[in-house]
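Student: I'm new to this structure and I'd like a close look at just one part of it. Could you pick a helix, walk me through its surroundings, and then follow the trail from there?

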Amino acid sequence: MTDKDDERILLAHGSGGAMMHNLIRDVFLRHLDSPELAALDDAAELTIDSVRIAFSTDTFVVKPIFFPGGDIGSLAVCGTVNDVLMKGARPLYLSLGFVIEEGFFLKDLERIVHSIGQTSIEAGVSVVTGDTKVVGSGEMDGICINTAGIGVISAGISVSGSNAHAGDSILVSGTIGEHGIAVLAERNGLSLRGAVRSDAAPLTGTVLPFLDRFGASIHVLRDPTRGGLAATLNEIAGSSGVGIVVQESVVPVSDPVSAVCGLLGFDPLYLPCEGRFLAIVDDAVASDAVTFLRTMGNCPDAAMIGMVADSPHGEVILSTASGGRRILDMPVGELLPRIC
C-alpha cells in the first residue's frame, strides 16, 4: 500500500483551483496525454481536412437548478458555447446529455429543456444529438447535464492561454462575481431582493464581432468560471510563462456584489462568472478594444485591468487599491461547490 491508496476525491478537486489543476496534471494528463489536451485551453483545436475546429465539453451540476438570471439548462448551453468562443471559434453545434434522478418533476425537466432551446437560439447553435439516462431515487441529486460543442476557427485567428506576451494588455468584458453570488444567495435563502442576478449568457454576439474587428491582435480569450478571475489569470501566467500585474482598483465589481462580499467575507476576484470574458490583446489596440466592447449592449463596464510582464514567470501580482502589492494566488480549497 502507498500513501496514495487512501486518498479520495474531495469537493475541492472540482473547484477550479490548485487541487483541480494537480488532479488534471497527476491523473488525467499522465494517462491521457495528447498535445491538444495538454494545451489545457477551454476547447481543443483540431484540424480536419484543412478546416480548423474547436471542440469542447462540460458537465453541469449546479444547485439550485433554478436561480436568479438563469437555470441549469441555460447554463449548460452558455458554458459550452462560451468555451468554444474562447478558442476564437464560431460555435455551430451542441450535443446534450441528461442524467436524471427517478422522481424528478417532469414540469421542471420541460422548463429546463425550454430554456435550452431559447438559449441555443440566442447563441446561434443547434442541438444535433443527445442522450438520456435515468438513475434510481437517491443515487444522485436531481439532474446533471453534459453538453459538447463544435465551432469553426477563421483564418488569421490564433487564440490560446499560452499566447500571452510581455507588454500585452488585459481586458475584462464586465463586472465580475454576479453568477457566484446569485447562486449562493438562492441556495442559502439570502434575501437580496433581486439585486444580484447571474451574468450567465452566451457571448456569441460580443466575441464574434470582437474577433472580426481585432483579429490577430487578440492573443488570449478566457471566461473566468470556477476559481474566478484569480484562477484564470494564474492559468494563463503558467501556460504562457509570463508574469501578470492586475490593478485591483479598476477591476469592475458592482455595488451589490461588493456589498455581499464584504458581508460574507468573499473576495470577488475568486467568484465565478458565466457571461464575462478576459481578453489579452496587443497593447497597441487595447484602448480601441475597450471602447469597442463598451459599445456592445452587454459590456458597458468593460475595462483594461492589467498588463503582462516578463516576470515573475507563472505568477499574478495584484496592485491593491490601498497602494500595496501582493501575490494573487490560485485558489486553494472549495469556496463555492456546485456553482456551475
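Tutor: Let's start with H7, which is mostly covered: 10 of its 13 residues are buried. Keep in mind as we go that this is a predicted model. The buried residues of H7 are Gly228, Leu229, Ala230, Ala231, Thr232, Leu233 and Asn234, then Ile236, Ala237 and Ser240. What lies over them? Strands make up part of the cover for the buried residues of H7, including E8 (169–172), E9 (218–222) and E10 (243–247), along with E11 (278–281), E12 (303–309) and E13 (316–319).

You can also check the length of H7 yourself. It covers residues 228–240, and at 1.5 Å a residue its 13 residues should span 18 Å; the end C-alpha atoms are 19 Å apart, so that agrees. Right after H7 comes Gly241, with a positive phi near 65°.

Now hop over to another helix, H3 (residues 72–85). H3 has 14 residues, and from first C-alpha to last it reaches 20 Å, close to the 20 Å expected at 1.5 Å a residue. As for cover, 14 of the 14 residues of H3 are buried. Look at the start of H3 too: there a side-chain oxygen of Asp71 comes to within 2.7 Å of the backbone nitrogen of Gly73.

H3 has a neighbour worth a visit, Thr147, which sits in strand E7 (residues 143–153). Is Thr147 buried or exposed? Its relative accessibility is 1%, so Thr147 counts as buried. A polar atom of the Thr147 side chain lies 2.9 Å from the backbone oxygen of Ala76. The same residue's side chain also makes a polar contact, at 2.6 Å, with the side chain of Thr80. Setting aside neighbours within four places in sequence, Thr147 is in contact with Ser56, Thr57, Asp58, Phe60, Ala76, Thr80, Ser95 and Leu96.

Next, the nonpolar interior. The largest nonpolar core has 64 residues, and Phe210 and Leu221 touch the most other members. H3 gives the most to this core, with seven residues. Apart from it lies another core, of 25 residues, with Ala164, Val246, Leu278 and Val316 among them.

Let's zoom in on Phe210. Not counting residues up to four places away in sequence, Phe210 touches Leu171, Gly215, Ile218, Leu221, Phe277, Ala279, Val281, Ala289, Phe292 and Leu293. Phe210 and Phe214 are both buried. These two are four residues apart in helix H6 (residues 204–214), so about one helical turn separates them. In general, an α-helix has 3.6 residues a turn, so residues three or four places apart point the same way.

How do their rings sit? The structure has four aromatic pairs in its count. In the pair made by Phe210 and Phe214, the ring centres are 5.4 Å apart and the planes are at 55°, so the pair is tilted. Ring pairs link Phe210, Phe214, Phe277 and Phe292 into a cluster. Phe214 has a charged partner as well: Arg213 lies over its face, at 4.6 Å from the ring centre. You'll find a similar theme elsewhere, where the charged end of Arg111 sits over the ring of Phe66, 3.7 Å from the ring's centre.

For contrast with all that burial, finish at Gly130 in strand E6 (residues 126–135). Gly130 has a relative accessible area of 54%, so it is exposed.

Methods. Residues numbered from 1 in each chain as written. Predicted model: local features only at pLDDT ≥ 70, side-chain atom pairs only at ≥ 80, totals over all residues. Heavy atoms only, no water. Buried < 20%, exposed > 50% of the residue type's maximum accessible area, 1.4 Å probe, protein only. Expected span 1.5 Å × (residues − 1). Contact = heavy atoms within 4.5 Å. Polar contact = N/O pair within 3.5 Å; in protein donor to acceptor, adjacent residues only side chain to side chain. Core = buried A, V, L, I, M, F, W, Y, C linked by side-chain atoms within 4.5 Å. Phe/Tyr/Trp six-rings, centres within 6.5 Å; stacked < 30°, edge-to-face > 60°. Lys NZ or Arg CZ within 6 Å of the ring centre and 35° of its normal.
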